Amino acid sequence: MQRGSSERELAARWEAEAVAVAEAPAAAAAEQGGVDSGAAGEPERKAPEEQPREGAPAQPRAAEEGDARVVPRPPPTLPLAKPQPARARGLCPHRKPRSKGRGCRRSSGRSADEYCSQRPVTVDSSKARTSLDALKISIRQLKWKEVRMVKDGDPSWKPTFIVKPDSGCQGDGIYLIKDPSDIRLAGTLQSRPAVVQEYICKPLLIDKLKFDIRLYVLLKSLDPLEIYIAKDGLSRFCTEPYQEPNPKNLHHIFMHLTNYSLNIHSGNFVHSDSTSTGSKRTFSSILCRLSSKGVDIKKVWSDIISLVIKTVIALTPELKVFYQSDIPAGRPGPTCFQILGFDILLMKNLKPILLEVNANPSMRIEHEQELSPGVFENVPSLVDEEVKVAVIRDTLRLMDPLKNKRENQSQQLKQPLAAKEDPSDSEPANTSDSNCNPEAHLPSICLKQVFPKYAKQFNYLRLVDRMANLFIRFLGIKGTMKLGPTGFRTFIRNCKLSSSSLSMAAVDILYIDITRRWNSMTLDQRDSGMCLQAFVEAFFYLAQRKFKMLPLHEQVASLIDLCEYHLSLLDEKRLVCSRSGTSGGRPPDSGTPQEAAPSAQLAEGNPPSCTNSAHKFSHSRHTLS
């Protein structure tokens, strides 16, 4: 009987503690008018810190402050008295704190003032469907706040979407919808694939008109990566004053779409010979106007440059695979480059948003002008000519294959002229110098290099680019863009990724599963094998197995470093073997002191021969390219 009574008392005591701990924060929160995201979970974690009652033994602390997991306290070994009423825990009989915030302080360690200063928990209910009513009731009972996608307190507000047909150009077939289940969208997708984007509702306005920016970006080289941005671009304006989209104005294309090819047909389109007025202006004129209003133009340009670099880095891996399939490495070929058209929208807060990237931007420098009904004439556009001619001209100047040869000849001519020069014939010398430099009469280049100039800030994003280099290395057959099973097994062996926990049979299964899934999603079924995206997925899987304790980014970076290290050792071994073969069978370890010297100058902490071999490999690769 004594034992049963003690157990009942113990159970009652634990039940009373649980009720007090659970209700004290709720009562305090009800008095203060809400809780925040931190307070909602803190009472459970900090309940062990509650002060023991007077005369009762102190309880051991179960978990440190901030522990994510709550460890229950062991039952006390001393005999327990009957549970005390709630007022013994600092609550009145109505279970309200005796003094303001007292119960809250004991359960969570925060004062009432701290609760008042914290924001309530916010819940985005825009994605809720059948559960919306129940969710709203739950939010009210918890005294939380329903926001984020709710605009200006209007629960009926919904985002607008813009539909852009695939492979379209010049605004053809673009329209706006409010409901993704719109019948027009369903019909369009069946006949012609399209891209659906959320419409940006808070653009920066000038003269009450929406506008976008067309910037020209030169991709001069893929390996090494070189990116240039034109210092000036085009600003293309809508021709109808902007209003936020609603069911009544969704069809007003001259209000929402900035495409020049659409707005030119508007009666409000303004052709201007000035670069700072009209429906098409230079971007520099917009920046000048913003600067006069106190806008930090350097910050705007910095954000645009960051956007461009990140976008090109995301495109580079796929471009490398296509490039190597057309132009094999190590063979002389054409000097390739690409001018991209970046369409950028400035938000009301001056944040740049990328709308799209055009692989073949229009370089027309004239526009059609209607002379009479049905009769059009091509009229030169001074704005287009000023921007586009400079972009094309300076792209050719940067890509000029004879540029280095001319610069060397110019330097050779300057040396004898400098030796024979005297004050009397200084003017003819200047004349001959201008004749040797055909670009002397041209303005400075309008293209600004942003990569590799700012490479240190963005190299951490180039993990997939480095994976693409590994992928290309094991493709085997030149011209293909998919990795076969033999190439994947060779990658695993050469990088020493197989182990007792990852057999080659498991590698084959991994290859088959991932390749089959990706091939089922692609429209082009001509080539069988593992595409670049499938290889990236397999690489992530291998990284997570190899470095389980690291964050995902560090897992992938560590595996790339490991693969590059083993491949550099393999390249060095092959290089030594080829040298020993051409030197009459000399053993690999009997190199001359001159050959052995660089390997002794390794950085401290690097694996043996890693730095030297990587340097040799990269040098030979750049020489071939």
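**Local surroundings, cores and unusual backbone positions**

In this predicted model, Thr258 is placed in the loop that runs between helix α7 (253–256) and helix α8 (260–263). With a relative accessibility of 8%, Thr258 counts as buried, because that term applies to values under 20%. Apart from neighbours within four places in sequence, the residues in contact with Thr258 are Lys210, Phe211, Asp212, Arg236, Cys238 and Asn263. Phe237 stands 21 residues from Thr258 in sequence, and the C-alpha atoms of Thr258 and Phe237 are 5.7 Å apart in space.

The setting for these details is a protein whose secondary structure comes to 21 helices and 15 strands. Of its 625 residues, 34% count as buried. Among contacts in the protein with a separation of 6 or more, 62% are accounted for by residues that lie 24 or more positions apart.

The largest nonpolar core holds 37 residues, and within this core Phe488, Phe491, Phe535 and Phe539 are the ones that touch the most other members. At least two residues of this core are supplied by each of the helices α15 (463–473), α16, α17 (504–521), α18 and α19 (552–582), while α18 gives the most, with eight residues. Once residues up to four places away in sequence are set aside, Phe488 touches Leu483, Val507, Leu510, Tyr511, Met530, Phe535 and Ala538. A second core, separate from that one, is made of 36 residues and includes Leu209, Leu225, Leu287 and Val450.

Two of the helices that supply the largest core, α16 and α18, can be described as a pair. The axes of α16 (residues 485–494) and α18 (residues 532–546) come within 13 Å of each other and cross at roughly 30°. Since angles under 35 degrees count as roughly parallel, α16 and α18 are therefore roughly parallel to each other. Their crossing is right-handed. On the α16 side the residues that meet the partner helix are Phe488, Phe491 and Ile492, and on the α18 side they are Phe535, Ala538, Phe539 and Leu542. The residues of this contact divide into seven nonpolar, no polar and no charged.

Some features of the backbone also deserve description, beginning with two peptide bonds. The bond from Asp223 to Pro224 is cis, with an omega near 5°, and Pro224 is found in the loop that connects strand β7 (209–222) with strand β8 (225–230). The bond from Phe451 to Pro452 is likewise cis, with an omega near 15°, and Pro452 lies in the loop between strand β15 (447–451) and helix α14 (455–458).

Positive phi values occur at two residues described here. Lys143, although not a glycine, has a positive phi of about 60°, and the position of Lys143 is in the loop between helix α5 (132–142) and strand β2 (145–147). The relative accessibility of Lys143 is 42%, so Lys143 counts as partly exposed. Asp207, which is not a glycine either, has a positive phi of about 55° and is found in the loop between strand β6 (205–206) and strand β7. At a relative accessibility of 43%, Asp207 also counts as partly exposed, whereas Thr258, in the loop between α7 and α8, counts as buried.

Terms used
Residues numbered from 1 in each chain as written. Predicted model: local features only at pLDDT ≥ 70, side-chain atom pairs only at ≥ 80, totals over all residues. Heavy atoms only, no water. Axes fitted to C-alpha atoms, helices over the stretch in contact; angles between N-to-C directions. Helix = DSSP H or I, 4+ residues; strand = E, 2+ residues; numbered from the N terminus. Parallel < 35°, antiparallel > 145°, perpendicular 65-115°, else oblique. Left-handed = near helix turned anticlockwise from the far one by under 90°. Contact = heavy atoms within 4.5 Å. Nonpolar A, V, L, I, M, F, W, Y, C, P; charged D, E, K, R; others polar. Buried < 20%, exposed > 50% of the residue type's maximum accessible area, 1.4 Å probe, protein only. Core = buried A, V, L, I, M, F, W, Y, C linked by side-chain atoms within 4.5 Å.
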